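Visitor: I'm new to this one. Could you take me on a close look at a single part, and then show me how the rest fits around that?

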Amino acid sequence: MSSVGKPLPHESAGLHVTGKARYVDDLVPTLAGTLHAYPVLAPHPHARVLAIDAVACRALPGVVTVLTAADVSGENDTGPARHDEPLFPSEVAFASQPVAWVLAETEEQARLGAAEVRVGYEPLPAVLSIEQAIAENNFLTEEERICRGDPQRALASARFRTAGELFIGGQEHFYLETQAALAFVDETGSVFVHSSTQHPSETQEIVARVLGLPKNEVVVQCLRMGGAFGGKEVQANAWAAVAALGAVKTRRPVRVRLSRQHDMLTTGKRHPFLGRFEVGFGADGLLEAVRIELYSDGGYSLDLSSPVLMRALFHVDNCYYLPNIEVRGRPCRTNTTSHTAFRGFGGPQGMLVIEEILDRVARKLELSPHVVRERNFYRPGQTAHYGQVVKDAERIARIWTELRASSDFDARWEAVQRFNAEHPETKRGLAITPVKFGISFTTAFFNQAGALVLVYKDGTVQVNHGGTEMGQGLHTKILAIAADALGLPASAVRVMATRTDKVPNTSATAASSGSDLNGAAVRAACDEIRGRLAEIAARRFLTEPEAVRFEDGRVFRPGFPEHSASFGEIAAEGYLARLPLFATGYYRTPNIHFDRASGTGKPFHYYAYGAAVSEVEVDGFTGQYRLLRTDILHDVGDSLSPLVDRGQVEGGFIQGVGWLTTEELVWSDGVLKTNGASTYKLPTLGECPPVFRVELLTRAREPDVIHGSKAVGEPPFMLAFSVREALRAAVAAFGSGGIVELASPATPEAVFWAIEKTRARTACTTSRTNAAE
């Protein structure tokens with residue numbers, strides 16, 4: 001019986017709930033004499049480092065050494081592409097940037113030692129906002145642009161026009177396991193690094209660069225991560241480099257694990273964005289022309305800000321056909337932490353801008369927002385603004401229609417209107433929003449994966465692949481794919497830790513592509529082994545290889561009960577016949593390309609779709625609100641693992657709700673003030689709607705993807721737009737019409753001030769009307 005599509009529990013669920021699952025920091029007791037690293041942090045957002053005096057630090061008990069730039073034998077930089085992230089900076093580029101590291105026998109001794117390191121600084125002018133960066137022409141890259149049609153002429157001829165801007169706040173990853181690395185040097189002088197990283201191959205490359213070693217002398221392993229969400233795609237590299245550098249210098253294992261406060265102070269966030277727009281539209285609400293400028297806060301270095309911005313440009317359409325559009329964007333350079341990948345990778349910010357536009361259009365025309373959204377949907381055969389045909393565009397309307405029916409949207413819409421009419425100080429809002437999300441790395445060469453599958457003579461299997469497990473269930477899906485391909489029960493297959501000496505040159509586990517890429521590579525390797533074993537079985541059963549079946553750990557010839565053997569028996573025969581019981585597999589996504597000069601191409605292999613309906617209740621006195629109910633219908637193709645996929649949809653939605661409502665990053669003079677769980681408000685069980693209904697779309701098989709499945713990591717995040725739009729609807733109900741400007745995140749304070757503005761506008765309108773009469 002195939003494991004694919006069955007509700008298998010997470011492959012490490014038992015280890016998780018019993019506390020037996022090991023993460024990087026749990027491995028420290030396995031290495032005797034491990035030293036602990038602690039950073040010396042700069043207090044200024046921008047400053048020149050004049051001198052570092054560690055004499056007093058070195059005299060303290062337990063302190064072994066202090067790492068500075070003088071200890072780097074290779075390149076003093078961890079930037080992945082531009083080499084613009086010095087490991088030990090001579091010029092501080094953001095507040096709390098590490099300038100040195102203390103290694104000591106205990107973490108407490110290292111902390112006390114770091115407090116005794118004296119650093120001289122010369123403060124320099126700092127750029128602390130997107131607006132300041134724009135005014136000072138301080139950018140990380142040149143402008144990106146995608147254009148279709150003639151938006152300028154269409155704007156000029158449109159019957160209705162409106163313009164505005166929206167600032168979109170960032171978001172802290174807040175993975176449960178903070179950034180961590182553990183490194184040691186073996187007897188040959190090679191370096192082994194346990195790292196909580198989404199991209200072991202890049203971590204290997206950066207560590208080798210800093211140490212001045214060839215890559216084959218560095219091995220990076222990721223057993224599992226306690227969450228990542230994109231925050232460990234690039235930004236795990238520096239901590240691994242510090243641990244490795246310390247291990248090489250001291251010839252002892254070195255542990256780096258950031259405290260929660262240090263993690264929040266020193267790592268990048270979801271990019272804040274500033275969107276400015278002009279839109280022309282007709283009386284029916286159809287968009288005729290759109291011009292959008294997107295500015296992201298990239299922080300002090302490039303990191304992944306360029307592809308993040310490009311994905312925002314790609315996704316600024318969401319599910320809507322824009323016949324005439326010009327969208328431009330640039331990442332700004334500021335003196336903050338280098339902002340980085342985060343679930344959605346710029347897509348959510350771009351999509352939020354078009355949702356803002358559509359709501360403003362609807363309210364200007366006094367139409368229901370869901371009516372305007374539906375009228376602007378893509379239709380079959382239409383292309384996105386970058387020229388790619390929107391495959392399965394009819395699925396947008398199908399999901400929308402099915403969800404409206406299953407959520408009883410129309411009847412609830414009327415009930416909300418009645419409730420609001422009867423409650424002057426409490427209002428409810430109901431909204432439905434769609435999602436279209438392109439799947440593939442937009443950097444084409446990342447769309448490849450490898451695998452190594454080993455079959456042992458007893459019929460058990462080890463699977464190695466380039467993907468990393470961060471709790472998202474990738475290994476669970478890989479296990480099911482391998483078990484299905486070899487006709488084995490899941491218990492016969494073991495997915496191994498991800499290591500650079502097993503599968504080289506891997507891509508990051510990101511862009512929602514982990515199962516698509518690595519699953520296909522594993523399947524290719526398994527198919528090769530199965531083909532070899534089928535020949536062995538065919539000779540034994542006196543038939544052709546094509547007639548041999550592999551199911552439930554048995555290899556047999558259908559219709560001939562006597563022609564049957566265990567998988568282990570056939571594997572043993574294969575060994576005796578001197579057939580290799582191992583194989584590599586490789587996969588690359590076909591037919592993806594994009595020309596940045598023309599702004600056209602096919603950057604995505606396919607699209608994932610979904611929609612959500614959310615209902616909220618808002619208190620007019622305080623701005624406090626409750627999420628009452630959410631209904632979701634999401635497209636995951638033919639699910640590889642329904643339990644895992646449902647969990648990803650639920651978790652992605654709630655994380656999106658946090659970004660759009662409670663998670664506010666507060667900076668003061670370049671210093672992050674919301675640097676812990678007491679001040680940074682994560683969504684909790686209290687934010688989960690008491691009625692939470694999630695369904696996976698049926699009849700949704702995706703051809704040319706492993707087992708007809710679809711990616712599920714990122715697309716559900718944007719389902720949370722329905723909560724923001726429901727809040728906006730509730731705020732609007734406190735007034736008598738007009739555009740509702742709602743901050744992002746829409747904290748209770750922001751909602752309160754939006755209500756006050758709506759009430760004031762209504763009072764002003766009423767006053768003018770009475771005066772005219």
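Guide: Let's start at a turn: S17 and S18 form a hairpin with 5 residues between the strands, and in that hairpin Gly 459 takes a positive phi near 90°. Keep in mind that this is a predicted model. The two strands, S17 (residues 448–455) and S18, are antiparallel and are paired over 5 bridges. If you want one pair to look for, find Leu 452, which stands opposite Asn 464 in S18.

S18 also has a partner in strand S19 (residues 493–495), and here the pairing is parallel, over 3 bridges. The pair to pick out this time is Gln 462 and, opposite Gln 462, Arg 494 in S19. To get from S18 to S19, the chain passes through helix H14 (residues 474–486), and the β-α-β crossover made this way is right-handed.

Now look at S18 by itself. The strand covers residues 461–465 and is mostly covered, with 5 of its 5 residues buried. In a regular strand, side chains alternate between the two faces of the sheet. Here is how that looks in S18: Val 461, Val 463 and His 465 point one way, while Gln 462 and Asn 464 point the other way, and all are buried.

Another stretch of the chain is worth setting beside this. Strand S9 (residues 180–185) runs antiparallel to S10, and 5 bridges join them. Leu 182 has His 194 in S10 as its bridge partner. The hairpin of S9 and S10 has 5 residues between the strands, and Gly 189 there takes a positive phi near 90°.

S10 pairs in the parallel sense with strand S11 (residues 218–222), over 4 bridges. Across that pairing, Val 193 stands opposite Val 220 in S11. Helix H6 (residues 200–211) belongs to this arrangement too: S10, H6 and S11 make a right-handed β-α-β unit.

As for the cover around S10 (residues 191–195), 5 of its 5 residues are buried, so the strand is largely enclosed by the rest of the structure. Val 191, Val 193 and Ser 195 point one way from S10, Phe 192 and His 194 point the other way, and all of them are buried.

Next, a helix and the loop after it. H9 is mostly covered, with 9 of its 10 residues buried. Among the buried ones are Val 308, Leu 309, Met 310, Arg 311 and Phe 314. His 315 sits in the loop between helix H9 (305–314) and strand S15 (325–332). His 315 has 1% relative accessibility, so this residue counts as buried.

What surrounds His 315? Leaving aside neighbours within four places in sequence, His 315 is in contact with several residues, including Gly 347, Gly 350, Met 351, Lys 436 and Phe 604. You can also look across to His 385: the C-alpha atoms of His 315 and His 385 are separated by 9.5 Å, though the two residues are 70 residues apart along the chain.

Follow the contact to Lys 436, which is found in strand S16 (residues 426–439). Lys 436 has 0% relative accessibility, so this residue counts as buried. The side chain of Lys 436 makes a polar contact with the side chain of Asp 317, at 3.2 Å. Leaving aside neighbours within four places in sequence, other residues in contact with Lys 436 include Cys 319, Met 351, Tyr 378, Tyr 386, Tyr 607 and Tyr 609.

Finally, step back to the whole chain. There are 19 helices and 31 strands in the chain. The radius of gyration is 28 Å, close to the 28 Å that the globule rule gives for 773 residues, so the chain is as compact as a globular protein of that length. Along its principal axes, the C-alpha trace spans about 100 × 80 × 50 Å.

Of the 773 residues, 61% count as buried. The chain exposes about 28700 Å², with carbon and sulfur atoms supplying 53% of that area. And if you take the contacts between residues at least 6 apart in sequence, 80% join residues at least 24 apart.

Technical notes:
Residues numbered from 1 in each chain as written. Heavy atoms only, no water. Buried < 20%, exposed > 50% of the residue type's maximum accessible area, 1.4 Å probe, protein only. Pairing = 2+ DSSP bridges. Right-handed = clockwise from strand over helix to strand, strands pointing away. Rg over C-alpha atoms; globule rule 2.2 N^0.38 Å. Contact = heavy atoms within 4.5 Å. Areas by Shrake-Rupley, 256 points an atom, 1.4 Å probe, with all protein chains shown as cover. Polar contact = N/O pair within 3.5 Å; in protein donor to acceptor, adjacent residues only side chain to side chain.
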